[in-house]
Amino acid sequence: MKKPNSKQFLASGKINLKDFPTSFSLGVKEKTIEKKLAKIRVELADWQDVMYAHGKYSVLICLQGMDTAGKDSLIREVFKDLNARGVVVHSFKVPSSLELKHDFLWRHYIALPARGKFGVFNRTHYENVLVTRVRPEYILNENLPDINKVEDITEDFWEKRFEDIRNFEKHISRNGTIIFKFFLNISKEEQRQRLLRRLDKADKNWKFSPGDLKERKLWDDYQGYYEDAISRTSFSHAPWYIIPSNDKATARYLTAKIILEELVKYKDVQEPELSPDILKNLSEYREQLQKEYKP
């Protein structure tokens, strides 16, 4: 089996998505990939347990991708062996009326994971520089000062919004949040096939919406804005990884491997040691408990 490393998929500088593959062969069958993923899941679960006890870091996993990219199933398969109380998943939909009364980062900030926990954002704060750039009229719903019509949304507006995102990620990173950002990179043809499967399989029909076809017509616009967003916001403290995702099993394995590969670099994450006073009295505590036993 091939042994890819995180640097192969790391986005750096100005990128063009056409330079990144949508398919990647690991050289083995799917069952082997699934077994390798299962092993990584166990290691991630162990690491999260230690991180919880250590109490100084949290982990934020950001997932973005075109419709049908496989975000939901990736979350299910990568994180299912972690303690259920140690992983919190948020799927960000159209902002609610309450959310629109706050700045665009508010709903993301309050969803951040506590120290010791993993947080997974299924669609993220980047929707605010992706779908809103494709459909800038959505910005009008935010009722912002000096933005009264679409023509008021200038390039300077978007640069300030990217600046806000960069500052947000820098701030949470400085305060102990380890950030991973993954773009699940599928081809337009693969998306077509997945949409067809949603129509052909009765148990998948519920996933299909006519709106999917409308968004598909904007494929090139989305790709261009993804390139811009990733290029402007991939840094060592909040890196973007572009994951070949035409094959779901491979995408899940690569994502999990990158997360584990980077987390184990945090050598300071260790289980806390008991104080000397408690250590020297362990036998006494054990004796007290044993005396309580009455057969």
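Arg133, Glu155, Glu159, Arg166, Asp228 and Arg232 are linked in a network of salt bridges, and that network is a good place to start looking around. The model you have in front of you is a predicted one. A search of the whole structure turns up 26 salt bridges, and a few of them are introduced below, along with a helix crossing and a buried serine.

**The protein as a whole**

- The protein has 295 residues, and 47% of them count as buried.
- Its secondary structure consists of 11 helices and five strands.
- The C-alpha trace spans about 75 × 50 × 40 Å along the principal axes.
- Among contacts with a separation of 6 or more, 79% are between residues 24 or more positions apart.

**Salt bridges to look up**

- Side chains of opposite charge can pair when their charged atoms come close.
- In helix H1, which covers residues 30–54, you will find Lys39 and Glu43 four residues apart, about one turn of the helix. Their side chains meet in a salt bridge, with an N to O distance of 3.0 Å.
- The two partners in H1 differ in how they are classed: Lys39 has 53% relative accessibility, so Lys39 counts as exposed because the cut-off is over 50%. Glu43, with a relative accessible area of 34%, is partly exposed.
- Another salt bridge joins Arg107 and Glu99, whose closest N and O atoms are 3.2 Å apart. Here Arg107 is buried, with a relative accessible area of 10%, while Glu99 is partly exposed at 23%.
- Glu142 and Arg161 also form a salt bridge, and the closest N and O atoms of this pair are 2.8 Å apart. Glu142 sits in the loop between helix H4 (131–134) and helix H5 (155–174), whereas Arg161 belongs to helix H5, so the pair ties together parts that are 19 residues apart in sequence. Both Glu142 and Arg161 are buried.

**Where H5 meets H8**

- Two packed helices are described by the angle between their axes and the distance between the axes.
- The axes of H5 and helix H8 (residues 219–233) come within 10 Å and cross at roughly 50°. That angle makes H5 oblique to H8.
- The crossing of H5 and H8 is right-handed.
- On the H5 side, the contact is made by Glu155, Trp158, Glu159, Phe162, Ile165, Arg166 and Glu169. On the H8 side, Asp228, Ala229, Arg232 and Thr233 take part.
- Several of these names appeared at the start: Glu155, Glu159, Arg166, Asp228 and Arg232 are listed in the contact between H5 and H8, and they are also members of the salt-bridge network.

**Ser6 and its neighbours**

- Ser6 lies in the segment before H1. Is this residue buried or exposed? With a relative accessible area of 4%, Ser6 is buried, because the cut-off for that class is under 20%.
- Leaving aside residues up to four places away in sequence, Ser6 touches Tyr241, Ile258, Glu261 and Glu262.
- Two of these neighbours are joined to Ser6 by polar contacts between side chains: the one with Glu261 is 3.1 Å, and the one with Glu262 is 2.8 Å.

Terms used: Residues numbered from 1 in each chain as written. Predicted model: local features only at pLDDT ≥ 70, side-chain atom pairs only at ≥ 80, totals over all residues. Heavy atoms only, no water. Salt bridge = Lys/Arg side-chain N within 4 Å of Asp/Glu carboxyl O. Helix = DSSP H or I, 4+ residues; strand = E, 2+ residues; numbered from the N terminus. Buried < 20%, exposed > 50% of the residue type's maximum accessible area, 1.4 Å probe, protein only. Polar contact = N/O pair within 3.5 Å; in protein donor to acceptor, adjacent residues only side chain to side chain. Contact = heavy atoms within 4.5 Å. Axes fitted to C-alpha atoms, helices over the stretch in contact; angles between N-to-C directions. Parallel < 35°, antiparallel > 145°, perpendicular 65-115°, else oblique. Left-handed = near helix turned anticlockwise from the far one by under 90°.
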